Each structure stands twice: as C-alpha cells, then as structure tokens.
Amino acid sequence: MFDQDIAPHVIEFGPGDADLAVVCNMHGDEPTGARAIHRILEPSPEFERAVKFIVANPPASISNHRSLDVDMNRVFPGDPEADERERRLAAQLVTETANCDTVSFHTTHSTNEPVAFVSEGDPRALEIVSQLPITYVVNEASVVDGSFCSTGQVVSIEAGKVQQPNATAKAEMLIRAFLDNEGAVSEEPPMHAPVTNYFELYDKVDKPSGDESYELLARNFERVEEGEAYAKSKKGFLLADEPFVPILMSQSGYGEIFGYRGQKVGESVEDAKEAWLDEEK
Ligand SMILES: [Zn+2]
C-alpha cells in the first residue's frame with residue numbers, strides 16, 4: 001500500500017547532531033505549530049546549535065484530519081510493526097527525538113491561553129518548561145496514558161484555540177523562547193516571563209449521555225467550589241461534589257467528557273519538583 005513507508009517529516013538546521021526538537025502536526029487538523037515554525041524559518045535565521053523541526057503526522061496533515069487510524073497522542077511509545085499508522089509514526093517520532101529536549105505544539109477547543117503539559121517524574125521536562133513564558137503547566141500523568149510527554153524530556157503545548165491567528169503568534173513566541181533558552185538562536189533579549197502556575201490532573205469530568213443541551217459554566221483554571229454549578233442543561237445544573245480546578249474543559253472538544261479536574265500544586269518549579277519528582281531515585 002502507498003502509505004506503508006510513511007514517516008515523520010524532519011528538517012534539521014544548525015551545526016552538529018541535533019539534541020533539540022520542535023514538533024508540530026501530531027494532529028493533522030492543527031496547523032498552528034507548522035505555521036509558527038514557518039514564520040521562524042522564513043527569514044533563514046542562523047542556528048548556533050542543531051535543531052530538528054518535525055511534522056509528526058504528515059498523512060493526517062495532508063488530509064486535514066485529526067487522525068487517520070488512532071489518536072497519535074494516546075499511543076506512545078508506539079509500535080513500528082503496528083497496523084495503525086499513528087502507532088508506527090509514534091515509534092518513529094520517539095526514535096527521532098531520543099535524547100532531544102523537545103517541545104510539541106497543539107491547539108485546543110477550550111482555552112486561548114497557552115497551556116503546557118508534562119509527565120510526572122521527568123526532571124528535564126520540568127527544567128525546559130520552567131524557562132518558558134507560560135502561565136499554566138499541567139502534569140497529566142495520572143489521567144492521560146500514552147501521550148508524547150510520557151516518553152521523556154518532552155513538553156506538549158496547547159498554544160490556543162484551533163484556527164485562531166493569535167494561537168500562531170503564541171506558538172511562535174514560545175518556540176522563539178525555547179530556541180533562545182537552549183542557545184540555538186540568539187536574536188532577542190529574554191522575554192519577561194509571567195508567573196507560572198503548576199497543576200496536576202486527577203480525574204475526567206464526564207458529560208452525561210443522552211442530553212446535548214449542556215452549557216459549560218466553569219472557566220478553565222478558575223477553581224469551582226463544592227456545590228457550585230459547573231454546567232447546566234434543560235434538565236438542570238451539574239453541581240460540583242468537591243472543589244476542583246477545571247482544565248481543558250469545553251463543550252465540544254471531546255465526545256464523552258467536558259475535560260479534566262485538576263488541583264494546583266504551586267507557583268514555582270521547586271513546588272512542582274517537590275510534588276512530582278521522587279528524590280530517592
Ligand atoms: Zn492536538
């Protein structure tokens with residue numbers, strides 16, 4: 001079949017062997033990261049360290065579909081022998097980014113403000129994200145399986161809403177910050193970083209089935225108190241049975257769930273390390 005030899009598309013700039021990577025288009029209908037990379041590469045900047053720029057899922061991108069066979073961001077570390085194309089692509093991406101500090105770009109239905117995701121227990125991922133100008137960092141490990149972050153020194157970033165031009169500008173700003181922090185491109189003084197808040201996911205928020213009339217009331221990253229309504233429908237209000245911080249919640253982003261419940265762990269990378277890294281290891 002024509003698609004048997006599909007692979008992530010990789011271009012490399014700069015001297016030496018790359019140990020930095022910028023990944024886009026894991027979901028084929030999220031062109032934001034690719035547009036941001038194009039803006040950065042267009043003026044042919046000079047790279048002082050080698051960087052790989054990777055289109056993770058070229059066949060889905062060409063057809064403008066989120067996925068062809070399975071959600072690529074749920075099948076890591078992948079399988080080079082699998083029938084599903086995304087499992088094969090995931091395995092290739094892991095090989096391609098092995099030992100690279102990596103940022104991977106997505107867009108979402110839920111929030112305009114960029115959100116970074118890391119997996120618990122990778123100190124390098126925390127170092128990378130702590131230097132980025134980003135307000136929200138979320139550890140997704142306890143709720144999400146098989147994401148790209150789970151493979152190591154990888155930070156996944158939801159740059160903003162799908163197809164919104166300012167999501168491209170935010171992705172571009174974050175890629176530039178990453179390249180500058182890592183010494184790959186020095187062109188601008190370091191940007192002022194906002195206070196970064198660290199959260200962890202601990203559960204999903206299910207949508208009740210058989211009723212499509214729900215309206216979401218909760219706002220992402222604004223804590224919902226016990227007894228507070230977080231959604232309403234013709235049948236009434238959905239009330240929180242315990243306090244939680246809504247994360248990636250939207251009416252239409254997912255089929256079965258609104259999004260996730262989280263809790264805040266702190267406002268510094270030290271707080272996050274204390275909560276997430278096992279110092280004994
Ligand atoms: Zn995505």
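Select G262 first: in this predicted model, G262 is buried, with a relative accessible area of 1%, because buried denotes a value under 20%. G262 belongs to strand β13, which covers residues 257–266. Keep G262 selected and add A21. The C-alpha atoms of these two residues are 29 Å apart in space, and 241 residues separate G262 from A21 in sequence.

Next, select F237, within strand β11 (residues 236–239). Is F237 buried or exposed? F237 has a relative accessible area of 55% and is therefore exposed, since that class begins over 50%. Extend the selection to L217 and L239. Together with F237, these residues make a nonpolar surface patch of about 310 Å².

Then turn to the largest pocket, which holds about 460 Å³ of space. To find its centre, select H27, R66, E158, L248 and Y254, the closest to that point among the 27 lining residues. Now colour strands β4 (101–108) and β7 (154–161), the elements that give two or more residues to the lining of this pocket. Which of the elements provides the largest share of the lining? Strand β4 does, with 3 residues.

Finally, display the whole lining of the largest pocket and colour the residues by class. The lining comprises 12 polar, 8 nonpolar and 7 charged residues.

Terms used. Residues are numbered from 1 along each chain as its sequence is written. This is a predicted model: local features need pLDDT of at least 70, side-chain atom pairs count only at pLDDT 80 or more; totals for chains, interfaces and linings use all residues. Side-chain values use heavy atoms; hydrogens and water are left out. Patches are made of residues with over 30% relative accessible area and no salt bridge: like charges are joined within 9 Å, nonpolar side chains (Val, Leu, Ile, Met, Phe, Trp, Tyr) within 5 Å. Accessible areas come from the Shrake-Rupley method with a 1.4 Å probe; for residues, only the protein chains shown count as cover. A salt bridge is a side-chain nitrogen of Lys or Arg within 4 Å of a carboxyl oxygen of Asp or Glu. Helices (H or I, at least four residues) and strands (E, at least two) are DSSP runs, numbered from the N terminus. Buried means under 20% relative accessible area, exposed over 50%, partly exposed in between (1.4 Å probe, protein chains only). On a 1 Å grid over the protein atoms alone, a cavity is a set of points where a 1.4 Å probe fits but cannot get out, and a pocket is an open set with protein on both sides within 12 Å along at least five of seven lines; lining residues have an atom within 4 Å of a point. Grid points are joined across faces, edges and corners, and a volume is the space filled by probe spheres set on the points. Ala, Val, Leu, Ile, Met, Phe, Trp, Tyr, Cys and Pro count as nonpolar, Asp, Glu, Lys and Arg as charged, and the others, Gly among them, as polar.
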